[in-house]
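Here are my notes on this one, in the order I'd go through it on screen. Have a look at the model and then read on.

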Amino acid sequence: MNNAFLTWFRTRGLFSWLALAVVLLVLFPLLLDSFRLGLVGKYMTYGFVAIGLVMLWGYGGVLSLGQGVFFGLGGYAMAMFLKLEASDPESTKIQSTPGIPDFMDWNQLTALPAWWEPFQYLPVALLGVIVVPTLLAFVIGYALFKRRVGGVYFAIITQAIALILTVLIIGQQGYTGGVNGITDLKTLLGWDIRTDSAKLVLYYVCAILLLLAILGCGWIQRSKLGTLLLAMRDKEDRVRFSGYDVAMFKTFVFCLSAMLAGIGGALFTLQVGFMSPSFVGIVPSIEMVIFAAVGGRMSLVGAVFGALLVNFGKTYFSESFPDLWLFLMAALFIGVVLAFPNGLAGLIDSHIKPWLARWRTAKAAAPMAPADPAPPPVPAAAAQPPEPSLPAHLAQEKT
Amino acid sequence: MSNTDFVLAVEDLTVSFDGFKAIDNLTLYLDRGELRVIIGPNGAGKTTLLDLICGKTRATGGSIKFKNEEMLGKPEYRIVRAGIGRKFQTPSIYENLPVFKNLEVSFPHGRGVFGALAFKCTQEVNDRVQAVAGEIGLAGKLDWEAGLLSHGEKQWLEIGMLLMQDPELLMLDEPIAGMSARERELTAELLQRICQNRSVIVIEHDMEFVKRIAHKVTVMHQGKVLAEGPMDKVQSDPRVIDVYLGH
């Protein structure tokens, strides 16, 4: 019974999830001052993008170099609501048109654009955080995957979309705040989001949502859809000629990654207090891929650690070596990808887990071991460390 | 083109690649429960014909009717769902997945995105996987990673994946290529068993094997049907001897 529970726990990769939960919910809040904890909160929002990329790139085999687009759309949807709340007529009375966001006033707009109107309402804004990125991903994904555009071409097109959106945001200054973005966000339904206590609450909200998102993605990975994604990565034609509409599956996982990125973006806006085109374009989009690559593109928890680690590195390097930090980041990326193609999680799978398994077997074989029902003989194939590309639940699920 | 009793009616099928007609006005009928073998020299258009039937290649003209329903122009997954299964020339299996998962994924339930999310490996699915695994001789290797199987076993696994779908028409492209003599024998027995309740098209070069399994043989040459009939009749056809079998 107890053993069965442990097995159930292990096949779902819940030990690493639990470790992440302890680190995020207990360790960091205890050990870090509020400034550093705020940084972790910000990095966690990239964790959403990273787990989306695990699903899309690791499982689906589709590399998107435009996740910043969805991160940005989610972030902007949230920022629009917060900006409207911060622009009440009272606090904007020195403007020539009070009651509209300050950047609109500077750009000689005299009324709130119609498409901004719905974002006065929090439910609409929250819906927008989810729906807008998902819908855009659906349109892009459906159009491209139905035409069998994939691989490098897909990556290039998503990259182009990231560029287009950046140019659009910067160009339409009066509607978007331009290159500065949407700044001076103050309250959420009257609750000041700039205080330390608010930041702590937002940190916990972000951490819990992230942990739930990992569980959700893990559930998808273990469903038939997850197996199909792996199968498509391996032999797309076989899946197609087994009666599956491959394009719809790819579109689904692209939408999923976009939705996760959108949620991350919204939480970013809430915690950092602004949103700007510098989180939308090509460079941030590529950085997001680096998070997943460093953490391990087959591991959800690994990707979150990747996002945290790379961003810690970025902050540390840029504080300590302002001139060199970009080179150091690049070296970290190249080093990890060359040495451990499956990222840090792959390193754990190929080195630490076999060691643990040996240790466990040695303990079980010792004469002092309790007289449990004899462990079933391990077939030779199972004693081998699983292929790093094979997810744990598949490697251990025996019939 | 009227309705027929044939399970598959290919009529006036043509496909041209930049003017080269890989299939040229080809007509072919297949009975229910028939095992047809297609032979012919390299480049005769055998594989292209299968590609056209399963929708991998788009035809330039003609008609392919499966159970009196036009298949031309349908997306691949709809053709499969209508009941046509196709095995590729090189074993096309999911090497990184266990044999069990290879078969399970091929079970024809939960084929939509949300259906796949909700799909559960029920007792029914499990029984079917076990039954098919027994049929293809892989019952003892269900938890093996498919990439570790031998070449012959991979071929069987792909046939098994098609059997999971229970298609009414099964198309096999060189199923015994690269198999040992013993494996060929087992495959011949397997084919004879599985064509009991379905129609099968096999592309093959091995004449001994063809003799053993074929109900009827179609000889293709330069995108056309050169001869058709029982094996002994086709074998003695002077045109066939000329272009394919040799003197």
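1. β9(B) and β10(B) run antiparallel, joined by five bridges; strands count as paired if DSSP finds at least two bridges between them. M220(B) has V225(B) in β10(B) as its bridge partner. The two strands make a hairpin with two residues between them. Q222(B) sits in that loop between β9 and β10 of chain B, and its phi is positive, about 50°, although it is not a glycine. Element names here are DSSP runs numbered from the N terminus, with helices being H or I of at least four residues and strands being E of at least two.

2. This is a predicted model, so keep the filters in mind: local features need pLDDT of at least 70 and side-chain atom pairs count only at pLDDT 80 or more, while totals for chains, interfaces and linings use all residues. Residues are numbered from 1 along each chain as its sequence is written, chains are lettered from A and ligands numbered from 1 in the order written, and side-chain values use heavy atoms, with hydrogens and water left out.

3. Back to the sheet. The hairpin belongs to an open sheet of six strands in chain B, ordered β6-β7-β8-β3-β9-β10, and the pairing is mixed. β6 and β10 (224-229) of chain B are the edge strands with a single partner each, so one side of each has no neighbour in the sheet. From one strand to the next the twist averages 20°; for angles, axes are lines fitted to C-alpha atoms (for helices, over the stretch in contact), and values run from 0 to 180 degrees between N-to-C directions.

4. Which strand pairs with β9(B) in the parallel sense? That is β3(B), over four bridges. Within this pair, I39(B) stands opposite V219(B) in β9(B). As a reminder when you look at side chains, they alternate between the two faces of the sheet in a regular strand.

5. At the β6 end, β6(B) and β7(B) (residues 169-173) run parallel and are joined by four bridges. I84(B) stands opposite L169(B) in β7(B). Just look at the loop between α6 and β7 of chain B too, where D166(B) is found: its phi is near 50°, positive in a residue other than glycine.

6. Two helices to check against this sheet. α6(B) lies across β6 and β7 of chain B, at about 170° to β6(B). Helix α10 (residues 238-245) of chain B lies across β3 (35-39), β9 (216-221) and β10 of chain B, at about 125° to β10(B).

7. Chain B also has an open sheet of four strands, β2-β1-β4-β5, with antiparallel pairing. Its edges are β2 (20-30) and β5 (69-70) of chain B, each with a single partner strand, so one side of each is left without a neighbour. β4 (residues 61-66) and β5 of chain B are joined by two bridges, and K65(B) has E70(B) in β5(B) as its bridge partner. Helix α1 (residues 46-54) of chain B lies across β1 (8-17), β2 and β4 of chain B, at about 110° to β1(B).

8. Now the interface. In chain B, 38 residues are in contact (heavy atoms within 4.5 Å) with 33 residues of chain A. The area buried between the two chains is about 3100 Å², with 62% from carbon and sulfur atoms; buried area is the accessible area (1.4 Å probe) lost on putting two parts together, summed over both. Y94(B), V113(B) and L117(B) supply 20% of what chain B buries against chain A, more than any other three residues.

9. How many salt bridges are there between chain B and chain A? The count is three, a salt bridge being a Lys or Arg side-chain nitrogen within 4 Å of an Asp or Glu carboxyl oxygen. The side chains of R148(A) and E76(B) meet in a salt bridge at 2.8 Å, N to O. The elements giving two or more residues to the side of chain B that touches chain A include α2 (76-82) and α4 (113-118) of chain B.

10. Finally, a pair inside chain A: K250(A) forms a salt bridge with E236(A), with the closest N and O atoms 3.0 Å apart. K250(A) lies in helix α12 (residues 246-272) and E236(A) in helix α11 (residues 236-240) of chain A, so the pair ties together parts that are 14 residues apart in sequence.
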